[in-house]
Every structure is written in C-alpha cells, then in structure tokens.
Amino acid sequence: MTLLLTIIAAVIATIVWYVSEKRDTYRLGTLSLIYWGASLMWFMDFVFEFAEVKAEYFNQEFADILNDSLLGLAVITLGLVAWIILLLVKDPKGVFKKKFTKE
C-alpha cells in the first residue's frame, strides 16, 4: 500500500509539474523527484520482501494494510514538508527578503 500511495503522489506531482507554468518558481520538479525516489525505494522493498515470502505477500491482514497505508501517508506528508522547507529556504518570490531587509 505504501508503494501504491507514493506512486500516486509521484504521478500527481509529475502531472502538476508538467501542466504548471510556474514549475521552476515553485520547484515542482523537486517535489516530483522526492516522490519518484520514494516510489523507487518502496519498489525495491517490495521486490526483496516478495522474494522472501512469495505469494504470502498478497495475503496480508487488515491491520498490516492499515499500517502500510499510514506509513504511505506519512511518507507523502514528509515529502511535502521537505518541499515546503525548500521553498521557505529558497524564497522564490522574495517574500522574506522584502520583509526582513531595510530599503
């Protein structure tokens, strides 16, 4: 479920990056890469876990699915937090620069 949620987030971020005219201003490519990197990580986790437990991987209990879903939502949220921190540090519109510098 974690893999599925991060792939959905990556696809949505990529679509937003593709159609947005301000993709460079808001660093939407970085957000997209954050989610694609997380998706790649969870895909490798899936491959190794599937190699270990084979078909039992698809027979999970509801509690395990719920835990994986919460982990996926946490990964998506942390990706957004990292992206927002990047935006605050880079200050693409110069909001903080205008506010805290004397002219």
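Me: In this predicted model, which helix holds Y35?
Reply: The model is a prediction. Y35 has its place in a helix, and that helix is α2.

Me: Is Y35 buried or exposed?
Reply: The cut-off for burial is under 20% relative accessible area. Y35 has 4% relative accessibility, so Y35 counts as buried.

Me: Which residues does Y35 touch, leaving out those up to four places away in sequence?
Reply: Y35 sits in α2. Neighbours up to four places away in sequence are not counted here. The residues touched by Y35 are T6, A9, A10, A13, V75, I76, G79 and L80.

Me: How far apart in space are Y35 and L80, C-alpha to C-alpha?
Reply: In sequence, 45 residues separate Y35 and L80. Y35 also touches L80. From C-alpha to C-alpha, the two are apart by 9.3 Å.

Me: Which backbone atom of L80 lies 3.5 Å from a polar atom of the Y35 side chain?
Reply: L80 is among the residues that Y35 touches. A polar atom of the Y35 side chain lies 3.5 Å from one L80 backbone atom, the nitrogen.

Me: What is the relative accessibility of T6?
Reply: T6 lies in helix α1. Its contacts, leaving aside neighbours within four places in sequence, are Y35, A38, S39, W42 and V75. T6 counts as buried because its relative accessibility is 0%.

Me: Which element gives the most to the largest nonpolar core?
Reply: That core has ten residues: L5, A9, A10, A13, L28, L31, Y35, I76, W83 and L87. Two or more residues come from each of α1, α2 and α3. The top contributor, with four residues, is α1.

Me: Which residues does L5 contact, leaving aside neighbours within four places in sequence?
Reply: L5 belongs to the largest nonpolar core. With neighbours within four places in sequence left aside, the contacts of L5 are S69, G72, L73 and I76.

Me: How far apart are the end C-alpha atoms of α2?
Reply: α2 has 26 residues. At 1.5 Å a residue, α2 should span 38 Å. The computed distance agrees: the end C-alpha atoms are apart by 37 Å.

Me: What covers the buried residues of α2?
Reply: The buried residues of α2 are L28, L31, S32, Y35, A38, S39 and W42. Their cover includes α1 and α3.

Me: What span should helix α3 have?
Reply: α3 runs over residues 62-90, which makes 29 residues. Its end C-alpha atoms are 42 Å apart, in agreement with the expectation. At 1.5 Å a residue, the expected span is 42 Å.

Me: Which residues of α3 are buried?
Reply: The cover over the buried residues of α3 includes α1 (2-19) and α2 (28-53). The buried residues themselves are S69, G72, V75, I76, G79, W83 and L87.

Me: Which residue with a positive phi follows α2?
Reply: The residue lies in the loop between α2 and α3. Its phi is about 55°, although the residue is not a glycine. The residue is K54.

Me: Where does R27 lie?
Reply: Phi of R27 is positive, near 50°, and R27 is not glycine. At 32% relative accessibility, R27 counts as partly exposed. R27 lies in the loop between α1 and α2.

Me: How many aromatic pairs does the structure hold?
Reply: Ring pairs link F43, F46, F50, Y57 and F58 into a cluster. In the structure, the number of aromatic pairs is seven.

Me: Is the pair of F43 and F46 stacked, tilted or edge-to-face?
Reply: Both residues lie in α2, three residues apart, about one turn of the helix. Their ring centres are 6.3 Å apart. The planes stand at 35°, so the pair is tilted.

Me: What is the angle between the planes of F46 and Y57?
Reply: F46 counts as partly exposed at 21% relative accessibility. F46 and Y57 form an edge-to-face pair, 5.1 Å centre to centre, with the planes at 70°.

Me: How many residues apart in sequence are the parts tied together by F46 and Y57?
Reply: Y57 counts as buried, at 17% relative accessibility. F46 lies in helix α2, and Y57 in the loop between α2 and α3. The pair therefore ties together parts whose separation in residues is eleven.

Me: Which residue lies over the face of W17?
Reply: The distance to the ring centre is 5.4 Å. The residue over the face of W17 is R23.

Methods. Residues are numbered from 1 along each chain as its sequence is written. This is a predicted model: local features need pLDDT of at least 70, side-chain atom pairs count only at pLDDT 80 or more; totals for chains, interfaces and linings use all residues. Side-chain values use heavy atoms; hydrogens and water are left out. The expected span of a helix is 1.5 Å times one less than its number of residues. Buried means under 20% relative accessible area, exposed over 50%, partly exposed in between (1.4 Å probe, protein chains only). Contact means heavy atoms within 4.5 Å. Rings of Phe, Tyr and Trp (its six-membered ring) pair if their centres lie within 6.5 Å; planes under 30 degrees apart count as stacked, over 60 as edge-to-face and the rest as tilted. A charge sits over a ring if NZ of Lys or CZ of Arg is within 6 Å of the ring centre and within 35 degrees of the ring normal. A polar contact is a pair of N or O atoms within 3.5 Å; within protein, one must be able to donate a hydrogen and the other to accept it, and residues adjacent in sequence count only if both atoms are side-chain atoms. A nonpolar core is a set of buried Ala, Val, Leu, Ile, Met, Phe, Trp, Tyr and Cys residues joined through side-chain atoms within 4.5 Å.
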